[in-house]
Amino acid sequence: MGLFLGLGIVGIVLLVASLVLDGVLEGVFDGALDGLFDGWLSLPVVAGFVSMLGFTGAIVLGSTGLGPGAATAGGALAGTGAGWATYRMSRALLRDHSGAAPHHGDLVGSTGTVVTAIPSGGYGEVLLRLAGQPVKYSATADGPLARGAEVWVTAAPSSTSVAVRAVEH
């Protein structure tokens, strides 16, 4: 029983180490282990396998009279399932690209409000929302626009300026 519980605890410690020391082993060996810790031999997958092997083995050994062989088999089966689930989840997280930073080109087609009047042929300022956050941009327009006018972004020529037109209701 002690061996199985020890394996479970070692698995939890490995999991914590993989979260805290992510990528440290690859750096320690100066790239010699490139690709070794990816996929099935990644530290989270090994940690999931070892902890489930230990804890499931302890449960089987303590709750049934089947002995250490059956406890090891049950633990190995549960550990394989936990390792597979960890591998699949980590692959899904690595494929997730929803965290891409917003780009100023994403502003085209959005609406905002003039906060500093835009003179004819000059620059004023508009308040727009980029990724849900209010951001102030320099703005030009075909004609003069007063403070408080609702505008539509027609172009984003740079990362700090936009071209706008008045929204007609």
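**Entry 1: the helices**

I began with helix α3, whose buried residues pack against α1 and α4. I noted to myself that the model is a predicted one, and then I listed what is buried in α3: Val45, Ala47, Gly48, Val50, Ser51, Leu53, Gly54, Thr56, Gly57, Ala58 and Val60. The helix has 21 residues, and from its first C-alpha to its last it reaches 30 Å, close to the 30 Å expected at 1.5 Å a residue.

I turned next to helix α4, which covers residues 68-95. I compared its expected span with its actual one: the 28 residues should span 40 Å at 1.5 Å a residue, and the end C-alpha atoms are 40 Å apart, so the two agree. The residues I found buried in α4 are Ala71, Gly75, Gly79, Ala82, Gly83 and Tyr87, and the buried residues of this helix pack against α1 (2-20) and α3 (43-63).

**Entry 2: threonine 56**

I picked one residue of helix α3, threonine 56, and asked whether threonine 56 is buried or exposed. Its relative accessibility is 18%, and because buried means under 20%, threonine 56 counts as buried. Which residues does threonine 56 contact, once its neighbours within four places in sequence are left aside? I found Gly74, Gly75 and Ala78; of these, Gly75 also appears among the buried residues of α4. I also looked at the side chain of threonine 56, where a polar atom lies 2.9 Å from the backbone oxygen of methionine 52.

**Entry 3: the whole chain**

I stepped back to see the order of elements, and the protein chain has 4 helices and 5 strands, which follow the pattern α-α-α-α-β-β-β-β-β when read along the sequence. Of its 169 residues, 27% count as buried. The chain exposes about 10,400 Å², and carbon and sulfur atoms supply 65% of that area. For contacts between residues at least 6 apart in sequence, I noted that 52% join residues at least 24 apart.

**Entry 4: the nonpolar core**

I looked for the largest nonpolar core and found that it has 15 residues, with Ile118, Val126, Val162 and Val164 making the most contacts inside it. The elements that give two or more residues to this core are β2 (124-130), β3 (133-141), β4 (150-155) and β5. In soluble globular proteins, nonpolar side chains tend to be buried together.

I followed isoleucine 118 in particular and, not counting residues up to four places away in sequence, I found that isoleucine 118 touches Gly124, Glu125, Val126, Ala139, Thr140, Ala141, Gly143, Pro144, Leu145 and Val164.

**Entry 5: two valines in the strands**

I then looked up valine 151, which has its place in strand β4. How accessible is valine 151? Its relative accessibility is 0%, so valine 151 counts as buried. Beyond its neighbours within four places in sequence, valine 151 is in contact with Ser110, Thr111, Gly112, Thr113, Val114, Val126, Leu145, Val164, Arg165, Ala166 and Val167. I checked one of these partners by distance: valine 151 and threonine 113 are 38 residues apart in sequence, while their C-alpha atoms are 5.8 Å apart in space.

Valine 114 lies in strand β1 and counts as buried, at 2% relative accessibility. With neighbours within four places in sequence again left aside, the contacts of valine 114 are Glu125, Val126, Leu145, Ala146, Arg147, Gly148, Ala149 and Val151. I also recorded that valine 114 and serine 138, which are 24 residues apart along the chain, have C-alpha atoms separated by 9.8 Å.

**Entry 6: serine 161**

I ended the tour of residues in strand β5 (residues 161-166), where serine 161 is found. Serine 161 is buried, with a relative accessible area of 9%. Which side chain makes a polar contact with the side chain of serine 161? I found that of serine 158, at 2.8 Å. Leaving aside its neighbours within four places in sequence, serine 161 is in contact with Tyr123, Tyr137, Ser138 and Ala156.

**Entry 7: how far to trust the model**

Last, I checked the confidence: the mean pLDDT of the protein chain is 86, and 86% of its residues reach 70 or more. Where is confidence lowest, and where is it highest? Confidence is lowest in helix α2 (residues 24-28), at a mean of 60, and highest in strand β1 (residues 111-116), at 96. Where pLDDT is low, the predicted coordinates should not be read in detail.

Key:
Residues are numbered from 1 along each chain as its sequence is written. This is a predicted model: local features need pLDDT of at least 70, side-chain atom pairs count only at pLDDT 80 or more; totals for chains, interfaces and linings use all residues. Side-chain values use heavy atoms; hydrogens and water are left out. Buried means under 20% relative accessible area, exposed over 50%, partly exposed in between (1.4 Å probe, protein chains only). Contact means heavy atoms within 4.5 Å. Accessible areas come from the Shrake-Rupley method with a 1.4 Å probe; for residues, only the protein chains shown count as cover. A polar contact is a pair of N or O atoms within 3.5 Å; within protein, one must be able to donate a hydrogen and the other to accept it, and residues adjacent in sequence count only if both atoms are side-chain atoms. A nonpolar core is a set of buried Ala, Val, Leu, Ile, Met, Phe, Trp, Tyr and Cys residues joined through side-chain atoms within 4.5 Å. pLDDT is the predictor's confidence in each residue, from 0 to 100. The expected span of a helix is 1.5 Å times one less than its number of residues.
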